[in-house]
Amino acid sequence: MSVHDANRLREQIATLGKSLFDRGLTMGSSGNISVRLDDGGWLMTPTNACLGRLDPARISRLDRDGRLLDGDAPTKESFLHRAMYDERPQSGAIVHLHSTHSVAVSCLPDIDPCDCIPPLTAYYVMRVGRLPLVPYHIPGDPALGDAVRGLAGKHSVVLLANHGPVVAGKNLEAAVYATEELEETAKLYLLLRGHNPRGLTPEQVAELEARFPRD
């Protein structure tokens with residue numbers, strides 16, 4: 001990958017990170033973003049960085065073995081990203097946020113751990129699909145990476161209990177769009193709890209999955 005292409009991706013990470021921050025989908029220094037490079041390495045947002053104020057030149061660049069090549073030290077949750085990439089060679093980017101409504105769903109005691117949010121809308125099915133819950137682990141626990149790895153082969157999005165979503169996409173825009181769709185659907189789900197909402201039928205879900213396969 002050329003220096004120009006890598007710099008373009010750094011700028012894209014900073015631009016989309018600011019967009020997520022400005023709209024309240026992440027706060028403080030929470031959340032992280034990564035993009036897979038053609039050489040097998042990654043660009044990742046640095047540890048303790050605010051997504052709303054990223055300096056493209058300081059975004060971490062790692063080689064295929066996870067060694068830092070340039071930029072600041074990467075997010076301390078880089079192992080989450082690597083776990084997803086290990087199981088999803090087709091994925092080119094990952095977004096992990098602590099977005100409010102998605103985290104709220106992850107804290108509910110009665111959700112289905114195999115599918116946390118029902119198929120309320122077509123775009124949720126198209127961009128997220130079935131959403132499994134990863135049991136709670138203390139932040140930074142390497143076992144969390146193993147738990148994510150166990151689900152990532154079948155799911156492009158997982159929800160970490162009492163923590164937040166990890167979303168993979170074919171590129172950064174796709175991962176961001178799926179993250180936004182998940183957060184809006186989580187909000188809908190919370191608004192509709194207790195109202196017996198009409199979701200999509202299994203036949204409607206199957207038709208969407210056939211017509212619009214995810215990465």
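1. Helices here are DSSP runs of at least four residues, numbered from the N terminus. The model is a predicted one, and the points below take up its sheet, one helix, its largest pocket and its cysteines.

2. The largest share of the lining of the largest pocket comes from helix 6, which gives 3 residues. The pocket holds about 320 Å³ of space. Elements that give two or more residues to this lining are helix 4 (122–127), strand 8 (164–169) and helix 6. In general terms, empty space shows up when a probe the size of a water molecule is rolled over the atoms.

3. The lining of the largest pocket is made up of 13 residues, and those nearest the centre are Met126, Arg127, Lys170, Ala174 and Arg214. Sorted by class, the lining has 7 nonpolar, 2 polar and 4 charged residues.

4. Glu181 sits in helix 6, which runs over residues 172–192. Is Glu181 buried or exposed? Its relative accessible area is 16%, so Glu181 is buried, the cut-off for buried being under 20%. Beyond residues up to four places away in sequence, Glu181 touches Thr121, Tyr123, Tyr124 and Arg127. Of these contacts, Arg127 is also among the residues nearest the centre of the largest pocket.

5. The sheet is open and has 8 strands in the order 4-3-2-1-5-8-7-6, with mixed pairing. Strand 4 (68–70) and strand 6 (133–134) are the edge strands, each pairing on one side only.

6. At the strand 6 edge, strand 6 pairs with strand 7 (residues 157–160) in the parallel sense, over 2 bridges. Across this pairing, Leu133 is opposite Leu159, and Val134 is opposite Leu160.

7. Strand 7 is covered on both faces. Val157 and Leu159 are buried on one side, and Val158 and Leu160 are buried on the other. As a general matter, side chains in a regular strand alternate between the two faces of the sheet.

8. At the other edge, Asp70 belongs to strand 4. Asp70 has a relative accessible area of 34%, and is therefore partly exposed. With neighbours within four places in sequence left aside, Asp70 is in contact with Arg10, Ile59, Ser60 and Arg61. From Asp70 to Leu43 the C-alpha to C-alpha distance is 9.7 Å, with their positions 27 residues apart in sequence counted as a separation.

9. Helix 2 covers residues 78–87, and its buried residues are Ser78, Leu80, His81, Ala83, Met84 and Tyr85. What do these buried residues pack against? Strand 1 (32–36), strand 2 (42–44), strand 5 (93–96), strand 7 and strand 8 are on the list, together with helix 5 (142–152).

10. How many disulfides does the model have? The count comes to 0, where a disulfide is taken as a pair of cysteine sulfur atoms within 2.5 Å. Cys116 is in no disulfide, and its nearest cysteine sulfur, that of Cys114, is 8.8 Å away. Cys116 has 2% relative accessibility, so Cys116 counts as buried. Cys50 also counts as buried, because its relative accessibility is 9%.

Terms used
Residues are numbered from 1 along each chain as its sequence is written. This is a predicted model: local features need pLDDT of at least 70, side-chain atom pairs count only at pLDDT 80 or more; totals for chains, interfaces and linings use all residues. Side-chain values use heavy atoms; hydrogens and water are left out. Buried means under 20% relative accessible area, exposed over 50%, partly exposed in between (1.4 Å probe, protein chains only). Contact means heavy atoms within 4.5 Å. On a 1 Å grid over the protein atoms alone, a cavity is a set of points where a 1.4 Å probe fits but cannot get out, and a pocket is an open set with protein on both sides within 12 Å along at least five of seven lines; lining residues have an atom within 4 Å of a point. Grid points are joined across faces, edges and corners, and a volume is the space filled by probe spheres set on the points. Ala, Val, Leu, Ile, Met, Phe, Trp, Tyr, Cys and Pro count as nonpolar, Asp, Glu, Lys and Arg as charged, and the others, Gly among them, as polar. Two strands pair if DSSP finds at least two bridges between them.
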